[in-house]
Amino acid sequence: MFWYAARRIAASVPVLLLVTLISFSMMHLVPGDPAAAIAGSGATNAEIEAIRLQLGLDKPFLVQLATWFGGLLQGDLGRSILLNRPVWQAIVERLPITLPLALFALALTLLIGIPAGVIAALRANTWVDQAVTGLAMLGVSVPSFWLALMLIVLFGVHLEWLPTGGFVPFSEDPAAWARSMVLPSISLALLQIGLLARITRGTMLEVLRQDYVRTARAKGLPGWMVIGKHALKNVMVPVVTVIGISFGLLLSGSIVIETVYGMPGIGRLIANAIFGRDYPVIQGGLLLTGTILVLLNLVVDLLYAVIDPRVRYGR
Amino acid sequence: MHLTRRGALLGGAGLASSGLAASTARPAAAQRRGGDIVFAQEATVPTLDMHFSTSIATRNVAMNMYEMLVSRNETNAPAADLAESWEESGDGLTYTFKLRRGVKFHNGKEMTSADVLASWRRYARMAIQRRVLGDVEAMSAPDASTFVVKLKNRQPTFIDQISSFAVPISIHPAEQENAEGGKLEPIGTGPFQFVEFVPDSHVLLRRFDGYSPNQAYQGTDGFAGRKVVTLDTVRFRLVREPGARVAGLEAGELHVVEDVPTKSAERLRTNRDVRLLPMKHWWLHGAWVNHHRPPTNNLMVRRAIQTALDMEAVMEIATDGAYDLQPGIQYPGNPYYTDAGKQFYNVADPEKAAAMLRQANYQGQEVVIITNSSFASMYAAAVVVTEQLRAIGLKVRMDVFDWATAIARRRDNDAWNFWFTGQGTGPSVGPFTALIDVVSPQLNQVVADPTLDALYNDLLTKPSEAERKAVFAKFQERVYEQVHFLKFGDLTKIQAARSSVQGFTPYRIPRFWNVSLAG
């Protein structure tokens with residue numbers, strides 16, 4: 001398994017480089033640059049050129065590309081044009097916001113999504129199933145910015161239980177930090193909960209129709225053992241895939257949720273970089289996002305072997 | 001050297017506005033000391049280096065930290081701030097500024113003319129609007145409290161230009177002279193000093209206890225005035241989503257917020273804990289007109305378009321009802337306000353427009369409108385204008401980009417006919433910057449208008465203000481007559497504050513001196 005993982009990681013390096021090369025080229029092809037954004041809409045060409053010179057954007061595209069890749073080989077992601085700091089620092093600063101947010105949202109997704117899906121499958125075509133399926137559909141369909149605002153109005157303005165937005169660092173006040181995480185985590189998780197519940201339900205219904213489940217029941221195993229030991233383990237294979245993708249998306253940051261709650265996470269970092277044409281941050285952000293997705297895919301693949309004994313990764 | 005006293009002590013303007021200043025000021029002793037105030041703004045702060053930014057989000061914060069030699073008072077007239085007074089020589093080529101004594105930087109160092117000289121040099125070297133100092137021949141600091149500027153040519157509007165806070169000439173310690181754009185240490189002389197800046201989240205300032213208020217004033221007066229700070233800290237928080245800003249205000253987590261949506265304002269009107277602070281004429285909506293690309297290279301077509309537009313419909317949709325219609329590029333009450341050209345504004349006569357179009361021998365060429373998705377009101381205005389122009393028989397295409405792309409597209413002469421935008425009508429813009437885009441060489445995408453260029457030159461060089469005002473009226477009329485710019489209307493920006501916030505007076509940029517928190 002170790003060699004399999006090593007090979008997968010090695011194979012992902014050219015993929016990631018290709019992703020960054022394509023994104024670098026595409027961003028430079030899109031009209032607009034940081035100098036024009038800084039200078040404002042009424043600036044003359046001469047004024048923009050002067051700023052471009054100050055920012056080092058006057059160099060030819062290939063020179064900029066070579067400089068960036070040269071830095072990357074030495075572990076340097078470059079320096080943000082708009083934030084005036086190294087890109088890795090800008091990313092690391094955002095991780096204490098995005099990482100716990102993603103973990104809380106994932107925890108909610110797993111704790112609610114899987115049991116809800118299982119219960120719906122076990123009570124298929126009853127009011128319980130319809131209620132779970134309906135709520136899951138609602139979670140998937142409701143726009144997250146609207147839901148976030150409704151949660152703010154209810155819990156922040158009317159009940160005054162939770163803050164309406166903003167982020168408090170853990171080091172400053174752990175209780176306030178936890179409170180600041182609640183509404184964004186719920187807003188972020190609801191879509192994923194809906195998705196996971198639906199997939200778990202569908203897969204569980206399929207598994208419950210399998211011969212080995214019928215056999216397990218026929219030999220008199222208690223219901224919880226049939227579900228917990230035999231059915232659920234097989235349900236987990238597609239579910240783990242969905243969880244992996246969801247977690248990757250959560251870690252890449254949610255622009256909408258971060259915007260509504262005023263959380264300066266990875267999503268806002270990349271979005272602002274795109275709007276301001278901050279090329280090094282876009283590159284660094286995309287490389288980070290790509291790396292997260294590649295690694296999570298690998299973890300998911302390795303988990304298959306843990307869940308399903310038939311899957312073996314040899315040398 | 002023969003000196004004529006131009007601005008009296010405090011530039012005259014400060015004294016002229018003292019009545020207003022007294023009315024907006026509160027005796028410091030009556031204010032409660034302490035308190036942490038939170039201001040929520042809609043746009044992210046890109047940098048705190050005002051020399052290197054046109055962003056109002058930057059100025060919202062930085063104008064509370066930094067000061068200028070000469071700034072603007074409550075009515076937009078130049079007013080001494082770090083300067084005690086200034087004098088203009090008889091030939092108009094030399095300006096001598098006397099500095100206030102005992103002013104300290106946030107690092108404890110006393111400000112001298114060497115710091116002013118270094119800050120102006122930095123501005124002249126790298127600031128975005130360094131053209132303001134384009135006529136400066138030499139600058140010197142003959143003694144610690146005197147700063148002298150020599151000009152190549154007489155420039156009667158010099159003080160107006162250097163006191164604009166569009167891209168302010170803020171004063172920093174001399175050691176910062178060589179700091180590159182965006183890399184300035186956040187040290188100034190203002191009443192608040194820097195604590196922390198977390199990009200995309202907030203900027204935290206605290207009271208500068210070493211600040212010496214300018215005793216020559218009575219109270220708040222634009223960016224000059226007597227600045228007394230009672231608050232402990234001010235936190236400028238980024239809250240992009242308007243609904244979240246309003247919710248934070250209602251919950252009491254935010255004390256002052258900007259840009260309250262019209263619908264929310266209607267609801268907040270009944271909330272006793274909240275005060276609405278509308279700022280009329282905050283921003284004007286309009287579109288630049290390209291005289292190079294057909295069919296708007298034809299004056300008759302441009303006039304037909306101008307005649308067709310119903311500005312009430314455009315502004316109603318664009319601003320959700322928070323607007324005023326008036327033809328001026330400045331607003332009523334501004335020193336340079338004029339309604340010249342009003343006969344061309346908001347004609348709203350599509351039948352006449354269609355007839356003019358036929359008269360112009362319009363051949364069905366495509367009219368390209370460029371708007372953007374970054375500012376919802378600009379997008380909405382473009383949608384309405386597109387429909388109104390189609391109704392008179394024009395073939396119209398609307399291109400929507402993000403702001404950065406829209407700016408880039410504007411530089412292509414052949415890519416557009418109308419470019420949708422907005423700009424301030426208030427003090428920071430003033431008559432010398434308003435519509436500068438239609439003057440050569442500023443405007444590189446539209447055919448130059450020598451009459452307009454000559455008028456602009458007169459606007460900058462006529463010695464008396466009365467003459468300059470007359471020229472500005474002609475300038476505005478020419479813009480309408482030749483259809484260089486289509487003005488739609490003025491947007492009202494609604495700020496709101498908790499009732500506990502006392503002494504906060506709306507201005508183009510929020511000011512947190514002479515403000516206190518009750519209870």
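Which strand of chain B holds B:L205? The residue sits in β10, which covers residues 202-207 of chain B. The model discussed here is predicted.

## B:L205 and its surroundings

B:L205 has 26 other C-beta atoms within 10 Å. The cut-off for a buried residue is 20 or more, so B:L205 counts as buried. Its contacts beyond four places in sequence fall in several stretches of chain B. One stretch is B:F192, B:Q193, B:F194 and B:V195. B:N64 and B:M65 also touch B:L205, as do B:T233 and B:V234.

Take B:Q193 from that list. Twelve residues separate B:Q193 from B:L205 in sequence. In space, their C-alpha atoms are 5.4 Å apart.

## Chain A overall

Chain A is built from 13 helices and has zero strands. Read from the N terminus, its elements are α-α-α-α-α-α-α-α-α-α-α-α-α. The C-alpha atoms fill a box of roughly 85 × 60 × 35 Å along the principal axes.

Chain A has 315 residues, and 39% of them are buried. Consider the contacts in chain A between residues at least 6 apart in sequence. Of these, 70% link residues at least 24 apart.

## Helix α1 of chain A

Helix α1 of chain A runs over residues 2-29. How far should its 28 residues span at 1.5 Å a residue? The expected span is 40 Å. The end C-alpha atoms of α1(A) are 41 Å apart, which agrees.

This helix is hardly covered. Among the 28 residues of α1(A), the count of buried residues is two.

## Two domains in chain A

Chain A is divided into domain 1, residues 2-73, and domain 2, residues 88-313. Their C-alpha centres lie 32 Å apart. Contact between them takes 17 residues from domain 1 of chain A and 14 residues from domain 2 of chain A.

On the domain 1 side, α1 and α2 of chain A are the elements that give two or more residues. α1(A) gives the most, with twelve residues. By class, this side of domain 1 has eleven nonpolar, four polar and two charged residues.

## Where chain A meets chain B

How many residues does each chain bring to the contact? Chain A brings 40 residues and chain B brings 43 residues. Five helices of chain A each supply at least two residues to its side. They are α2 (34-39), α3 (45-55), α7 (144-158), α11 (255-261) and α12 (266-276).

The side of chain A that touches chain B holds 20 nonpolar residues. Another 16 are polar, and four are charged.

## Nonpolar cores

The largest nonpolar core has 201 residues. Those with the most contacts inside this core are B:L69, B:V70, B:A381, B:F420 and B:A496. Helix α8 of chain A, residues 174-208, gives the most to the core, with 14 residues. A second, separate core has 16 residues, including A:L77, A:I81, A:A90 and A:Y279.

What does B:A496 touch beyond its neighbours within four places in sequence? Its contacts include a run of B:V274, B:R275, B:L276 and B:L277. B:L249, B:V257, B:V260 and B:L268 are also in contact with B:A496.

Technical notes:
Residues are numbered from 1 along each chain as its sequence is written. Chains are lettered from A and ligands numbered from 1 in the order in which they are written. This is a predicted model: local features need pLDDT of at least 70, side-chain atom pairs count only at pLDDT 80 or more; totals for chains, interfaces and linings use all residues. Two residues are in contact if their C-beta atoms, placed from the backbone, lie within 7 Å. Helices (H or I, at least four residues) and strands (E, at least two) are DSSP runs, numbered from the N terminus. Ala, Val, Leu, Ile, Met, Phe, Trp, Tyr, Cys and Pro count as nonpolar, Asp, Glu, Lys and Arg as charged, and the others, Gly among them, as polar. The expected span of a helix is 1.5 Å times one less than its number of residues. A residue is buried if 20 or more other C-beta atoms lie within 10 Å of its own, exposed if 12 or fewer, and partly exposed in between; C-beta atoms are placed from the backbone. A nonpolar core is a set of buried Ala, Val, Leu, Ile, Met, Phe, Trp, Tyr and Cys residues joined through C-beta atoms within 7 Å. Domain bounds come from an automatic or database domain assignment.
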